[in-house]
Amino acid sequence: MKTALITGGSGGIGEAICRQLAADGFKIYVNFAHSREKAERIAEEIGGAAICFDVSDNNEVISAISGIGTVDLLINNAGVSEIGLFTDISEKSAQKILNINLKGSMNCARAVLPEMIGRKSGNIINISSMWGQVGGSCEVHYSAAKAGLIGLTKALAMEEGLSGITVNCIAPGVIRTDMLSSY
């Protein structure tokens with residue numbers, strides 16, 4: 001049975017991904033940082049496991065992923081946004097947005113790649129956003145992080161392709177999830 005780790009697996013898009021991959025026969029690890037109850041419920045319903053770690057904390061990522069073992073598919077889905085004018089977003093919020101949306105994906109990819117390279121097999125899918133392609137007014141930091149994720153995907157795909165690893169990116173449009181509840 002192949003194993004999939006979905007960061008932000010307890011969120012709207014993440015939950016849908018977890019459920020579909022479980023239906024496709026994957027063993028699912030539902031990552032969460034704050035939504036323990038929801039992640040555990042999803043994991044129980046699909047026969048997976050909930051796993052708590054903050055993607056922006058490299059030490060937490062390494063520790064958690066080393067406990068999983070083989071990861072055949074990593075889906076970097078964890079994300080946060082804050083609506084506001086560029087000049088009104090605090091430095092603390094800006095760092096959080098960049099650290100979770102971009103650095104978190106880098107941390108997780110770095111943690112799974114050595115084992116994937118050793119096997120010469122693996123898949124990484126990064127969930128970006130249409131804002132990473134076209135930019136979004138009042139979501140400048142989020143747009144920049146998601147654009148960076150597209151660049152990360154392109155470069156990492158070229159670097160790891162020779163090792164039999166595919167790296168792809170999806171840039172969805174607006175999807176009605178809890179993340180949009182503040183709109």
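Guide: Accessible areas here come from the Shrake-Rupley method with a 1.4 Å probe, and for a residue only the protein chains shown count as cover. For this protein, the exposed area is about 9100 Å², of which carbon and sulfur atoms supply 55%. This is a predicted model, in which local features need pLDDT of at least 70 and side-chain atom pairs count only at pLDDT 80 or more, while totals for chains, interfaces and linings use all residues. Residues are numbered from 1 along each chain as its sequence is written, and side-chain values use heavy atoms, with hydrogens and water left out.

Visitor: How many helices and strands does the protein have, and in what order do the elements run from the N terminus?

Guide: Helices (H or I, at least four residues) and strands (E, at least two) are DSSP runs numbered from the N terminus. The protein has six of each, six helices and six strands, and reading from the N terminus gives the order β-α-β-α-β-α-β-α-β-α-α-β. The C-alpha trace spans about 45 × 40 × 30 Å along its principal axes. If one takes the contacts (heavy atoms within 4.5 Å) between residues at least 6 apart in sequence, 64% of them join residues at least 24 apart.

Visitor: What percentage of the 183 residues count as buried?

Guide: A residue is buried under 20% relative accessible area, exposed over 50%, and partly exposed in between. By that rule, 44% of the 183 residues of the protein count as buried.

Visitor: Where is Met1 placed, and is Met1 buried or exposed?

Guide: Met1 lies in the segment before strand 1, which covers 3–6, and with a relative accessible area of 78% Met1 is exposed. When neighbours within four places in sequence are left aside, Met1 is nevertheless in contact with Gly25, Phe26, Lys27 and Asp72. Ser56, by comparison, is 55 residues away from Met1 in sequence, and their C-alpha atoms are 29 Å apart in space. Asp24 belongs to the loop between helix 1 (12–23) and strand 2 (27–32), where Asp24 is partly exposed at 49% relative accessible area. Asp24 and Lys2 are 22 residues apart in sequence, with 9.9 Å between their C-alpha atoms.

Visitor: How is the packing of two helices described, and at what angle do the axes of helix 3 and helix 4 cross?

Guide: Two packed helices are described by the angle between their axes and the distance between the axes. The axes are lines fitted to C-alpha atoms, for helices over the stretch in contact, and the angles run from 0 to 180 degrees between N-to-C directions. In this model the axes of helix 3 (residues 58–68) and helix 4 (residues 91–119) cross at roughly 35° and come within 9 Å. Helix 3 contributes Asn58, Val61 and Ile65 to the contact, and helix 4 contributes Asn107, Cys108, Arg110, Ala111 and Val112. These residues divide into five nonpolar, two polar and one charged, where Ala, Val, Leu, Ile, Met, Phe, Trp, Tyr, Cys and Pro count as nonpolar, Asp, Glu, Lys and Arg as charged, and the others, Gly among them, as polar.

Visitor: What is the phi of Lys120, and what is the phi of Cys138?

Guide: Lys120 has a positive phi of about 60° although Lys120 is not a glycine, and Cys138, also a residue other than glycine, has a positive phi near 70°. Lys120 sits in the loop between helix 4 and strand 5 (122–127) and counts as exposed at 53% relative accessibility. Cys138 sits in the loop between helix 5 (130–134) and helix 6 (140–160), and at 27% relative accessibility Cys138 counts as partly exposed.

Visitor: Which residues does Val167 touch, and how far apart in space are Lys154 and Val167?

Guide: Val167 is in strand 6 (residues 165–170) and is buried, with a relative accessible area of 6%. Not counting residues up to four places away in sequence, Val167 touches Ile124, Asn126, Thr153, Leu156 and Ala157. Lys154 is in helix 6 and counts as exposed at 57% relative accessibility, while its C-alpha atom is 7.7 Å from that of Val167, with the two residues 13 apart in sequence. Val167 and Gly136 are 31 residues apart along the chain, and their C-alpha atoms are separated by 25 Å.

Key: Buried < 20%, exposed > 50% of the residue type's maximum accessible area, 1.4 Å probe, protein only.
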